[in-house]
Each structure stands twice: as C-alpha cells, then as structure tokens.
Amino acid sequence: MTKEAALYSFFSGFGIPAYAETDVPNNAVLPYLTYTPVFDAWGGDAAALTVNLWYYGAGETAPNAKAAEISKAIGPGGKVFGCEGGYIWLRRGTPWCQSAPVEDEPMLKMKTLNLSAEYLTLN
C-alpha cells in the first residue's frame with residue numbers, strides 16, 4: 001500500500017468520509033474530514049500534517065467527540081502503520097485540537113487537528 005493509500009485508510013476509518021484537502025468533491029456531504037497529504041522518507045524530520053473536521057450544526061459536541069476518537073486511535077505514543085517500503089509513525093501535534101470559526105457561516109464548524117508524521121521508509 002502506498003503512503004497515500006495508507007494515510008487515506010487510516011483517516012477513512014472514523015465513520016465519516018475522508019478526503020485529501022485538495023480533493024473534496026463538489027457534492028461532499030457534511031460531516032467529513034480533510035487532511036493534508038504530506039510525505040517524506042527515512043532521515044527526514046517529522047512532517048506537520050493537518051486534519052480538519054467539518055460539521056454543520058449549533059453545538060460542538062459531535063466535532064469534539066470525533067477529535068477525541070481520533071486522539072484515542074493515535075494514542076499517547078503515536079500510531080504506527082505499514083506502507084510500501086516501511087512504516088508511518090503518526091503522532092498528535094501541539095496544540096492537538098483547536099476551533100476555527102468559518103466567516104459568514106456560524107453553523108459550519110471546523111476543528112483543526114495538528115499531527116506529525118514520521119516516514120520510516122526508504123523513499
């Protein structure tokens with residue numbers, strides 16, 4: 001499985017659609033998450049990776065719960081999963097989660113999750 005496919009597999013495992021940030025279809029239905037597909041290889045520094053949770057509604061309960069679910073899946077020591085040529089070590093970044101208001105659309109909720117990905121791969 002390529003690095004791209006491995007990241008997609010991980011992020012699509014949370015019960016809502018997952019899209020690369022630059023590949024959200026026009027007909028996407030909320031809620032969903034977007035992520036920045038950032039890649040590196042062995043010897044590189046940890047790469048900053050962002051996940052945005054998109055929800056529509058008055059409260060913060062659902063997006064906060066999804067952020068907590070993702071945090072638990074990553075765990076305190078990070079989550080390691082395989083990909084072509086090695087492994088990806090995904091860890092929570094700092095700050096882990098923050099709200100990002102969407103101008104002119106108070107019912108649209110976005111939570112930004114900061115992660116780091118270390119690529120333990122040859123390429």
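How far apart are the mean positions of the 8 positive and 12 negative charges of the chain? The two mean positions are 12 Å apart. In that count Lys and Arg are positive and Asp and Glu negative, with His and the chain ends not counted, and each charge is placed at NZ of Lys, CZ of Arg, CG of Asp or CD of Glu.

The model is a predicted one, with local features needing pLDDT of at least 70, side-chain atom pairs counting only at pLDDT 80 or more, and totals for chains, interfaces and linings using all residues. Residues are numbered from 1 along each chain as its sequence is written, and side-chain values use heavy atoms, with hydrogens and water left out.

Now for the overall fold. The chain has two helices and six strands, and read from the N terminus their order is α-β-β-β-α-β-β-β. The radius of gyration is 15 Å, close to the 14 Å given by the globule rule for 123 residues, so the chain is as compact as a globular protein of that length. (Helices, H or I with at least four residues, and strands, E with at least two, are DSSP runs numbered from the N terminus; the radius is taken over C-alpha atoms, and the rule is 2.2 Å times the number of residues to the power 0.38.) Along the principal axes, the C-alpha atoms fill a box of roughly 45 × 30 × 25 Å.

As for packing, 41% of the 123 residues count as buried, where buried means under 20% relative accessible area, exposed means over 50%, and partly exposed is in between (1.4 Å probe, protein chains only). About 6700 Å² of the chain is exposed, and carbon and sulfur atoms supply 54% of that area. Accessible areas come from the Shrake-Rupley method with a 1.4 Å probe, and for residues only the protein chains shown count as cover. Among contacts with a separation of 6 or more, 60% are between residues 24 or more positions apart; a contact here means heavy atoms within 4.5 Å.

Two buried strand residues come next. Ala 18 sits in strand β1 and is buried, at 5% relative accessibility. Neighbours within four places in sequence aside, Ala 18 is in contact with Tyr 8, Phe 11, Ser 12, Leu 33 and Tyr 35. Lys 79 is 61 residues away from Ala 18 along the chain, and their C-alpha atoms are separated by 18 Å. Thr 34 belongs to strand β2, residues 32-35, and is also buried, with a relative accessible area of 5%. Residues up to four places away in sequence are again not counted, and Thr 34 then touches Tyr 19, Glu 21, Val 24, Thr 50, Val 51, Asn 52 and Trp 54. With Trp 54 there is also a polar contact, side chain to side chain, at 3.4 Å. A polar contact is a pair of N or O atoms within 3.5 Å; within protein, one must be able to donate a hydrogen and the other to accept it, and residues adjacent in sequence count only if both atoms are side-chain atoms.

Glu 60 brings in another side-chain pair. This residue is found in the loop between β3 (47-56) and α2 (61-74) and is partly exposed, with a relative accessible area of 30%. Its contacts, not counting residues up to four places away in sequence, are Ser 99, Lys 109 and Lys 111. The side chains of Glu 60 and Lys 111 are joined by a polar contact of 2.9 Å, while the two residues are 51 apart in sequence and 9.3 Å apart in space, C-alpha to C-alpha.

Gly 82, in strand β4 (residues 79-83), is partly exposed at 40% relative accessibility. Gly 82 touches Ala 6 and Tyr 87, residues up to four places away in sequence not being counted. From Gly 82 to Phe 39, 43 residues apart along the chain, the C-alpha separation is 14 Å.

The backbone has a few spots to check too. The peptide bond from Leu 30 to Pro 31 is cis, with omega near 0°, and Pro 31 is placed in the loop between β1 (18-20) and β2. Thr 94 and Pro 95 are likewise joined by a cis peptide bond, with omega about -10°; Pro 95 is in strand β5, residues 86-99. Asp 104 is not a glycine, yet has a positive phi of about 65°. Asp 104 lies in the loop between β5 and β6 (108-121) and counts as exposed, at 77% relative accessibility.
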